[in-house]
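Here are my notes for a colleague who wants to read this model alongside its sequence. Please keep both in view while going through the points.

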Amino acid sequence: MTAAILSLTNVSYRYPDGTSALDNCSLTVARGSRTAVLGTNGAGKTTLFLHLNGILRPSSGQVRWEGTPLDYGRSELRKLRSRVGLVFQNPDSQLFSASVREDVSFGPMNLGLSEKIVRERVEEALHAVGMTDSADKPVHNLSYGQKKRVCIAGVLAMQPEVVVLDEPMAGLDITMQEELTTVLERLHAAGMTIIVATHDLDFAYGWADEAIILQSGRLLAHGVPAKILLQQDVRNELGAAPLVAEISSQLSLIGIDLRDKGYLPRSKSELLTALGAHIRQETKP
Ligand SMILES: Nc1ncnc2c1ncn2[C@@H]1O[C@H](COP(=O)(O)OP(=O)(O)OP(=O)(O)O)[C@@H](O)[C@H]1O
Ligand SMILES: [Mg+2]
């Protein structure tokens with residue numbers, strides 16, 4: 001069993017206007033895991049994320065880093081935020097510098113790194129999100145999707161232990177979504193813990209090791225996506241199950257088994273490959 005890097009114990013949160021956004025949530029995020037957080041609009045995903053790097057403090061309950069309750073003092077929070085990088089849902093909440101390069105440099109510069117290292121990290125991060133050519137552009141002139149990419153670069157340049165991304169794919173074109181998935185895979189392979197809020201059931205099903213389902217601020221389910229995303233209560237809450245899983249299960253009803261070495265396809269490309277192989281087998285002369 002992998003140790004928890006972040007955990008919540010009975011966390012409840014009320015916004016100052018009285019809205020209850022988290023209600024007695026207990027959950028753990030394993031070090032090195034790929035965790036998807038799902039839930040309908042207003043379920044509490046963003047509120048949960050704001051607790052993970054100490055921007056919000058629970059009204060009751062505790063958030064822990066490697067088993068130790070968070071210390072909300074200024075220097076401890078700064079340390080926590082260098083470990084837990086949060087990419088905001090709305091890029092305008094995150095960007096503030098004049099140019100793209102300045103914005104991405106801000107975090108690593110504040111870590112007290114040398115100018116050379118900062119420059120290297122910034123160029124690498126901009127390259128990872130395909131924004132190298134726009135490095136000198138004013139942030140306010142960028143498109144929405146470009147702003148999202150710059151926000152992601154800003155967090156990557158910090159090289160945190162945990163990257164938390166709030167609906168990172170929303171507003172990105174298909175090529176960039178695929179590139180971002182590749183970036184996330186690379187970070188995961190390098191040992192980083194990645195937590196993503198998403199409404200994309202197929203992405204969660206294909207990418208995550210663990211899924212957390214929130215329902216009106218409460219934890220509805222937490223576990224392996226291939227299992228819990230097919231649970232009836234989760235399907236009812238989210239309004240659907242992953243399409244890839246639905247297609248495989250419908251095909252199995254008419255005797256077509258797409259299992260390969262015991263595993264069902266997890267992504268659209270795996271599904272197409274399995275279907276192609278099945279059709280070739282069936283139509284062999
Ligand atoms: N600043 C705030 N003041 C008062 N209530 C808030 C505030 N921010 C969020 N809420 C409320 O808290 C609840 C949870 O909101 P949150 O933004 O965490 O949901 P979410 O799951 O991220 O939704 P979405 O999918 O739309 O991003 C909602 O009922 C929302 O209206
Ligand atoms: Mg949100």
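The points below deal in turn with the sheet, one residue in it, a helix and the domains of this predicted model.

1. The strands β2, β1, β4 and β5 form, in that order, an open sheet of 4 strands with antiparallel pairing. Because β2 (20-30) and β5 (68-69) stand at the edges with a single partner strand each, one side of each is left without a neighbour in the sheet.

2. Within this sheet, β1 (residues 4-14) pairs with β2 in the antiparallel sense over 7 bridges, and R14 stands opposite S20 in β2. Helix α1 (residues 45-52) lies across β1, β2 and β4 (60-65), and its direction makes an angle of about 120 degrees with β1.

3. Is Q62, which has its place in strand β4, buried or exposed? Neither word fits fully, because Q62 has 14 other C-beta atoms within 10 Å and therefore counts as partly exposed, the class that lies between 12 or fewer for exposed and 20 or more for buried. Leaving aside residues up to four places away in sequence, Q62 touches T9, V11 and P69. The C-alpha atoms of Q62 and G42 are separated by 22 Å, the two residues being 20 apart along the chain.

4. Helix α6 (residues 174-189) has 16 residues, and the 23 Å from its first C-alpha to its last is close to the 22 Å expected at 1.5 Å a residue. Just after α6, G191 takes a positive phi of about 100 degrees.

5. Which residues of α6 are buried? They are M176, L180, V183 and L184, and because they cover an arc of only 100 degrees around the axis, they are on the same side of α6. As background, residues three or four places apart in an α-helix point the same way because there are 3.6 residues a turn.

6. The buried residues of α6 pack against α4 (115-128), α5 (144-156) and β8 (193-197). On the face of α6 turned away from its buried side are the exposed residues I174, T175, E178, T182, R186 and A189, and a reader following the helix in the structure can use these two sets of residues to tell its faces apart.

7. The domain assignment divides the chain into domain 1 (4-240) and domain 2 (242-285). Their centres, taken over C-alpha atoms, are separated by 33 Å, and the contact between them involves 6 residues of domain 1 and 7 residues of domain 2.

Key
Residues numbered from 1 in each chain as written. Chains lettered and ligands numbered in written order. Predicted model: local features only at pLDDT ≥ 70, side-chain atom pairs only at ≥ 80, totals over all residues. Pairing = 2+ DSSP bridges. Contact = placed C-beta atoms within 7 Å. Axes fitted to C-alpha atoms, helices over the stretch in contact; angles between N-to-C directions. Expected span 1.5 Å × (residues − 1). Arc of directions from axis to C-beta. Domains from an automatic or database assignment.
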